[in-house]
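Reader: I should like to learn how to read a structure such as this one. Please show it to me, and then let us take its features in turn.

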Amino acid sequence: MNQETQDSGFEKRTREVLDESASRLDGRTLSKLTQARHAALEQLQRPARSRWWFFAPAGAAAAVAVLAVMTWTGGTRPTATAPVAALNEDLEFLSDADAEIVAEGEDLEFYEWAAGEVES
Amino acid sequence: MSSRALEQFLSGVEKRAFKIAQLSLRNDDDALDAVQDSMMKLVQSYASRSSEEWRPLFYRILANCIRDFQRRRTVRGRIMAWLPSRDAEDDEEYDPIAQAPGHEPTPARRLELDEAIGVLETAVAELPARQKQAFLLRNFEGLDVSETASAMGCSEGSVKTHYFRALETLRARLGEVI
């Protein structure tokens, strides 16, 4: 028997032994593996809406800030140009801060709602 | 890519992945954690990849997880060396149901396999890390040289060398038993 044939037989036998060992895993281990698999796959099932709540506090803070800025500048807005410029800067700042989140398309629904609240 | 395909893939590799992690880490709980972390990372980062890519990617992630566990254990060992010694068995409560085997093979064959499994797993666990990795991925998991190189993050030539040396060592130790 040459070296290659010997090794092939040896490789085959070791594989069989390891396969047998894997097939004998106890109930606790099998159960844990199943749980691990389900936990991993659950990530695929999570709807984008659940991530909405992750950013909700930041979005709410942004909405409050917009409201505060608009309230603060409300008395002078019709005639003065400086407060309007300040308001634009503030809005630009806020939109920059949240640009990444909005760009991911995950919170458009929230921002539409927030914009509606500000207008009303 | 459908979650059904991913589930089939994960359920197909999980037992062997656990054995690989167990033989590398020599601790069942750490091995389970390493497999779970690898599953999570594969689904998080590579679910959209083609299914042919999953196996080498999964074993690459698992190899990294195993390495991280080994590093953590080394650091923990250094810290524990400074603390008063404690009997590790105190932490473990024997649970006969949890320790029960998953199925019952025939008694004669079972005895043969029991011995073979014991000596082979001991010998594999004592191989140098890279040889062990190459042997388990090539022989047990059945990855080809290219996939093994990808999973191990090394060249195909290195895989061949590690695998050959692992086989030589195991054959010298177990040739009469296996």
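**Reading the two chains**

Author: R130(B) counts as partly exposed, with a relative accessibility of 32%. The general scale is as follows: buried means under 20% relative accessible area, exposed means over 50%, and partly exposed lies in between (1.4 Å probe, protein chains only). Please note that the model is predicted, so that local features need pLDDT of at least 70 and side-chain atom pairs count only at pLDDT 80 or more, while totals for chains, interfaces and linings use all residues, and side-chain values rest on heavy atoms, without hydrogens or water. Residues are numbered from 1 along each chain as its sequence is written, chains are lettered from A, and ligands are numbered from 1 in the order in which they are written.

Reader: In which helix does R130(B) lie?

Author: Helices (H or I, at least four residues) and strands (E, at least two) are runs assigned by DSSP and numbered from the N terminus. R130(B) belongs to helix α6 of chain B, residues 129-140.

Reader: Which residues form a positive surface patch?

Author: A patch gathers residues that have over 30% relative accessible area and no salt bridge; like charges are joined within 9 Å, and nonpolar side chains (Val, Leu, Ile, Met, Phe, Trp, Tyr) within 5 Å. Lys and Arg count as positive, Asp and Glu as negative, and His and the chain ends are not counted. The charge is placed at NZ of Lys, CZ of Arg, CG of Asp or CD of Glu. Here R130(B) joins R60(B), R67(B) and R71(B) in a positive patch. Helix α3 of chain B (residues 51-80) supplies the largest share of that patch, three residues.

Reader: How should I read the overall make-up of chain B, and how many helices has it?

Author: Chain B has eight helices and zero strands. Of its 178 residues, 40% are buried. Accessible areas come from the Shrake-Rupley method with a 1.4 Å probe, and for residues only the protein chains shown count as cover. The accessible surface of chain B is about 10100 Å², and carbon and sulfur atoms account for 49% of it. A contact means heavy atoms within 4.5 Å. Among the contacts in chain B with a separation of 6 or more, 67% are between residues 24 or more positions apart.

Reader: What are the corresponding values for chain A, beginning with its helices and strands?

Author: Chain A has six helices and zero strands. Buried residues make up 31% of its 120 residues. Chain A exposes about 7600 Å², of which carbon and sulfur atoms supply 58%. Of the contacts in chain A between residues at least 6 apart in sequence, 63% join residues at least 24 apart.

Reader: How many salt bridges does a search of the whole structure find?

Author: A salt bridge is a side-chain nitrogen of Lys or Arg within 4 Å of a carboxyl oxygen of Asp or Glu. The search finds 14 over all chains. One of them pairs R24(A) with E20(A), whose closest N and O atoms are 3.0 Å apart; both residues are buried.

Reader: Which side chain of chain A meets D29(B) in a salt bridge?

Author: It is that of R28(A), at 2.6 Å from N to O. D29(B) lies in helix α2 of chain B and R28(A) in helix α2 (residues 27-45) of chain A, so this pair joins two chains. D29(B) is partly exposed at 36% relative accessible area, and R28(A) is partly exposed at 29%.

Reader: Where do R16(B) and E141(B) lie?

Author: The side chains of R16(B) and E141(B) meet in a salt bridge of 2.6 Å, N to O. R16(B) is in helix α1 of chain B and E141(B) in the loop between α6 and α7 (145-152), so the pair ties together parts 125 residues apart in sequence. R16(B) is partly exposed, with a relative accessible area of 23%, whereas E141(B) is buried, with 4%. Both belong to a network of salt bridges that also links R55(B) and E147(B).

Reader: Which side chain of opposite charge is nearest to E11(A)?

Author: The nearest is R15(A), 4.8 Å away; E11(A) is buried yet has no salt bridge. E11(A) lies in helix α1 of chain A, residues 3-23. Apart from neighbours within four places in sequence, E11(A) is in contact with N139(B), Y163(B) and L167(B).

Reader: What is the phi of R26(B)?

Author: R26(B) has a positive phi of about 55°, although it is not a glycine. R26(B) sits in the loop between α1 (3-25) and α2 (28-46) of chain B, and is exposed, with a relative accessible area of 53%.
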